[in-house]
Amino acid sequence: METNPIPVLTIQTTPFDDQRPGTNGLRKKTSVFESKKNYLQNYIQSVLSSIDLRDRQGCTMVVGSDGRYFSRAAIEVIVQMAAANGIGRLVIGHSGILSTPAVSCIIRKIKAIGGIILTASHSPGGPAGDFGIKFNIANGGPSPDTVMERIYQVSRTLEEYAICPDLHIDLSRLGRQDFDLENKFKPFRVEIVDSVEIYLNMLRGIFDFGAIKSLLTGPEQLKIRIDAMNGVMGPYVRRILCDELGAPANSAVNCVPLEDFGGQHPNPNPTFAVSLVESMKGGEFGFGAAFDADGDRCMILGQNGFFVNPSDSLAVMAANLSCIPYFRQAGIRGLARSMPTSMALDSHLISAPRLRTRSGKAKLCGLHCQLESSDHIREKDGLWAVLVWLSVISVRKQGVEEIVKDHWVKFGRNYYCRFDYEGVDPRAAYYLMRDLEAVITDKAFISQKFAVGNNVYSVEKTDNFEYIDPVDGSVSRNQGLRIVFTDSSRIIFRLSGSGVGVGATIRIYAESYERDPERHSRETQVVLGPLIAIALKISDIHERTSRRGPTVIT
């Protein structure tokens, strides 16, 4: 039966003044996207219009989500608007599910112009939770500041958007779905693809799957416990670690993606991944990991609940890259970390404001919040990090704790922690950071001494960190207030760029280096207590935010 072409409509709208994307795209409470008329449509139109019309016509884009509430409704709107704006083909994960690393992988594999990822990372989901929209560019990586600024400028003056409201797709059916549109010479195509397969094929070319499988199934079998936290990683964990690499099915828990993540906060740290921590403390499992909602970050645990600080994880990886076939063949061109990440990696690195692997520059990169990756994609990759650890264990025949402590003996230990103050009034956060910058950059502050107990810290350097990208020359300013002491200890204050619009997050980092192996087993909070006391005193953060303490300590 002959069907009529689907009409393309132009809908009048008015701009919103709060659609400036942050570090990880636009994040708000879900209710903002769901209840504000045209809020979602305006932002999607701004993203699409930020792409030059000549590049947009007939191009391919990737779309995926972490499965959180409102994702399916948003995907339908994205499909309808992509069709109306001249996109020729959309590649979407089965049931709308694609991890952030998988989106990056697929963009690069099929040479797409970019991808839209629906996620608020480690923030809660559900109707009362958070929602976010990320746009990754053609290299698979997050939008640089120039692209985000372009999106924001479009959003400020937007008067209309284009949409095909009668176009509907079936996310549950793998394969092609073609649609004829009014005034379009070629049909608009949607391809629903297996969420895991392309990403899995990439990993097969990086790791020795045979060696990892022997580790997980052989006579000296390493028992593992992996918590997907009811986010996007469930299908990946089941398919890759269990089906492909042979880990028993009961090794993986919370592997069904749920719209509200089972009511839990999908943040892989000891505060929120409590059930995993308790399971590991029993001693039955030799390796544990948890993932955030979209799969770009993970937490690593050893037997008896030994917590691997993300900065130590990165340094251990760097010291053991010869265990990975990919690095043995490609070599190591460089290492990179974000500025607030601990200095444990500081041999032969490129310091970056936030994690973004750079072609020809860095082979291994890491961030302070359970984010590690390499140049295999242009994104953070939690499962990749897990496979690196399993590869190192399979080669070294040691447990997680032994590997980390051996590393400390050889290189020294960087004691390191982070305090997060979440949901702070944005104005209070802004003025706190403004006033603090004035204090620490005043000439009188330099060479000041702080005495706490038996410890005396002398200020050597202070600044508001900025970074010049060695590839494109772009400058990232206001990346954090640094206080560096003469013994190389550091205190850093950052106003997070990844909030959801209902409050700001202030992060305080403290770090101190210890070379003496006899002093490597001290409690982190005891070692860093004097630095934390200095940070609280000079920032006056508790009084200025009406808080008694941080929301999260890692």
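Here are a few notes to help you find your way around this predicted model.

1. Start with the overall layout. The domain assignment splits the protein chain into domain 1 (9-193), domain 2 (198-411) and domain 3 (413-553). If you want a sense of scale, the centres of domain 1 and domain 3, taken over C-alpha atoms, are separated by 36 Å.

2. Next, have a look at the sheet with the order β11-β10-β12-β13-β14. It's an open sheet of 5 strands, and its pairing is mixed. At the edges you'll find β11 (252-253) and β14 (306-308); each has a single partner strand, so one side of each is left without a neighbour in the sheet.

3. Zoom in on one pairing in that sheet. Strand β10 (residues 224-227) runs parallel to β11, and 2 bridges link the pair. To spot the match-up by eye, find D227, which sits opposite V253 in β11. As general background, strands of a sheet pair through backbone hydrogen bonds, either parallel or antiparallel.

4. Now move along to D420, which belongs to strand β19 (residues 413-424). Is D420 buried or exposed? Its relative accessibility is 2%, so D420 counts as buried, the cut-off being under 20%.

5. What does D420 touch, leaving aside residues up to four places away in sequence? The list is I506, R507, P550, T551 and V552. With R507 there is also a polar contact of 3.2 Å between the side chains.

6. One last pair to check: D420 and S496 are 76 residues apart along the chain, yet 9.4 Å separates their C-alpha atoms.

Conventions. Residues are numbered from 1 along each chain as its sequence is written. This is a predicted model: local features need pLDDT of at least 70, side-chain atom pairs count only at pLDDT 80 or more; totals for chains, interfaces and linings use all residues. Side-chain values use heavy atoms; hydrogens and water are left out. Two strands pair if DSSP finds at least two bridges between them. Helices (H or I, at least four residues) and strands (E, at least two) are DSSP runs, numbered from the N terminus. Domain bounds come from an automatic or database domain assignment. Buried means under 20% relative accessible area, exposed over 50%, partly exposed in between (1.4 Å probe, protein chains only). Contact means heavy atoms within 4.5 Å. A polar contact is a pair of N or O atoms within 3.5 Å; within protein, one must be able to donate a hydrogen and the other to accept it, and residues adjacent in sequence count only if both atoms are side-chain atoms.
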